[in-house]
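Reader: I would like to go through this chain one feature at a time. Please give the general idea where there is one, then the case here.

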Amino acid sequence: MISIAYLTYLRLKEPAFLVLMAIGMLISYWLGGLGMVDAEIVSRASLLGSSNTQGTVLLGTILLAFLCGLINIFNAATEIPRDISTRMIAIYLSKPLDRTHYLIGKYLGTLGIGMTAGLLWITAMLVSRVFLHEGAESLTGADMVRQYLVLLYLIPVTAIAVGISCYFSDVLAMIICCAYIVCCFAATLVPVVFNILSGLLFMKILMVPYHFFPNLLYYFQPYDRASSYVQLAVYALATCLL
């Protein structure tokens, strides 16, 4: 399992990934000057009902997180289909390695790629914000930590992408996974609409499929307590296992 994860993670050394990393660093410098997302809007969409600005996510962090998510989706959607098409999977599974360990290894390696890119890019963004963008709003230590915790959303997203890639070709897996992730974000609006139109029967029916989509908006909400960070990590792991 560890060897599969390591071999998958080694894709970072490919020229295409190195170029992507360099481009991401340049983008991070530009994003360092962007402000925070409106905490009140996010809170209303997530039904928190709070406009606390502490622990709010930067707009640049959200854009970098989405870019990391796309990298993991495209990478996960091609890894297993490529092993199947090249028949490398037969070699892997002929050794004392079962399918579960193979999938976990692919998952950990793909997750490591996205996490590495996210950590580097967010760090570059924060450094440029502190030293190069003097007019930007200052951040506390807790605010900086909050930016890194957004990357926890890669845990369920990568698991979804790896699971879908087991049943479809690479291109089709990318399309289905992207469509499902879009539905996950769109599903976060269902409770808001339900509170407005709670008396209608079709809204009660709509709440049934709502529970089939993980609420990815949780990872972008403003949190100002350390216990909330622990709950966020537990939610990410639980969603991944499901």
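Reader: Which residues does Q147 touch, not counting residues up to four places away in sequence?

Author: This is a predicted model, and what follows is computed from it. In it, Q147 touches T56, V57, L58, T61, I122 and L126, with residues up to four places away in sequence not counted. Q147 has its place in helix α7, residues 141-149.

Reader: Is Q147 buried or exposed?

Author: Buried means under 20% relative accessible area. Q147 has 0% relative accessibility, so Q147 counts as buried.

Reader: What about Y148: where is its place, and how does its accessibility count?

Author: Y148 is also placed in helix α7. The class between buried and exposed runs from 20% to 50%. Y148 is at 27% relative accessibility and therefore counts as partly exposed. Leaving aside neighbours within four places in sequence, Y148 is in contact with L119, I122, T123 and L126.

Reader: How far apart are Y148 and T61, in sequence and in space?

Author: In sequence, Y148 and T61 are 87 residues apart; in space, C-alpha to C-alpha, the distance is 8.2 Å. T61 is one of the residues that Q147 touches.

Reader: What share of the contacts in the chain with a separation of 6 or more comes from residues 24 or more positions apart?

Author: The share is 78%.

Reader: Where does T8 lie, and which residues does T8 touch?

Author: T8 lies in helix α1, residues 2-9. With residues up to four places away in sequence not counted, T8 touches E79, G105, K106, G109, T110 and I113. The relative accessibility of T8 is 2%, so T8 counts as buried.

Reader: What is the secondary structure of the chain?

Author: The chain has 12 helices and zero strands. Along the sequence, the pattern is accordingly α-α-α-α-α-α-α-α-α-α-α-α.

Reader: How are two packed helices described?

Author: The description uses the angle between their axes and the distance between the axes. Take helix α6 (residues 99-131) and helix α8 (residues 154-165): their axes come within 10 Å and cross at roughly 135°. That crossing makes α6 oblique to α8. The crossing in which α6 passes α8 is right-handed.

Reader: Which residues make the contact of α6 and α8, and how do they divide by class?

Author: From α6 come L103, Y107, T110, L111, G114 and M115; from α8 come L154, I155, T158, A159 and V162. By class, there are eight nonpolar, three polar and no charged residues in the contact of α6 with α8. T110 of α6 is also among the residues that T8 touches.

Reader: At what angle do the axes of α8 and α9 cross?

Author: The axes of α8 and helix α9 (residues 170-187) cross at roughly 140° and come within 9 Å. Here too there is a right-handed crossing, with α8 passing α9. On the α8 side, V157, I160, A161, I164 and S165 meet A173, I176, C177, Y180 and I181 in α9. The contact of α8 with α9 divides into nine nonpolar, one polar and no charged residues.

Reader: How much of the chain counts as buried, and what area does the chain expose?

Author: Of the 242 residues of the chain, 43% count as buried, Q147 and T8 among them. The chain exposes about 12,700 Å², and carbon and sulfur atoms supply 72% of that area.

Note on methods
Residues numbered from 1 in each chain as written. Predicted model: local features only at pLDDT ≥ 70, side-chain atom pairs only at ≥ 80, totals over all residues. Heavy atoms only, no water. Helix = DSSP H or I, 4+ residues; strand = E, 2+ residues; numbered from the N terminus. Buried < 20%, exposed > 50% of the residue type's maximum accessible area, 1.4 Å probe, protein only. Contact = heavy atoms within 4.5 Å. Areas by Shrake-Rupley, 256 points an atom, 1.4 Å probe, with all protein chains shown as cover. Axes fitted to C-alpha atoms, helices over the stretch in contact; angles between N-to-C directions. Parallel < 35°, antiparallel > 145°, perpendicular 65-115°, else oblique. Left-handed = near helix turned anticlockwise from the far one by under 90°. Nonpolar A, V, L, I, M, F, W, Y, C, P; charged D, E, K, R; others polar.
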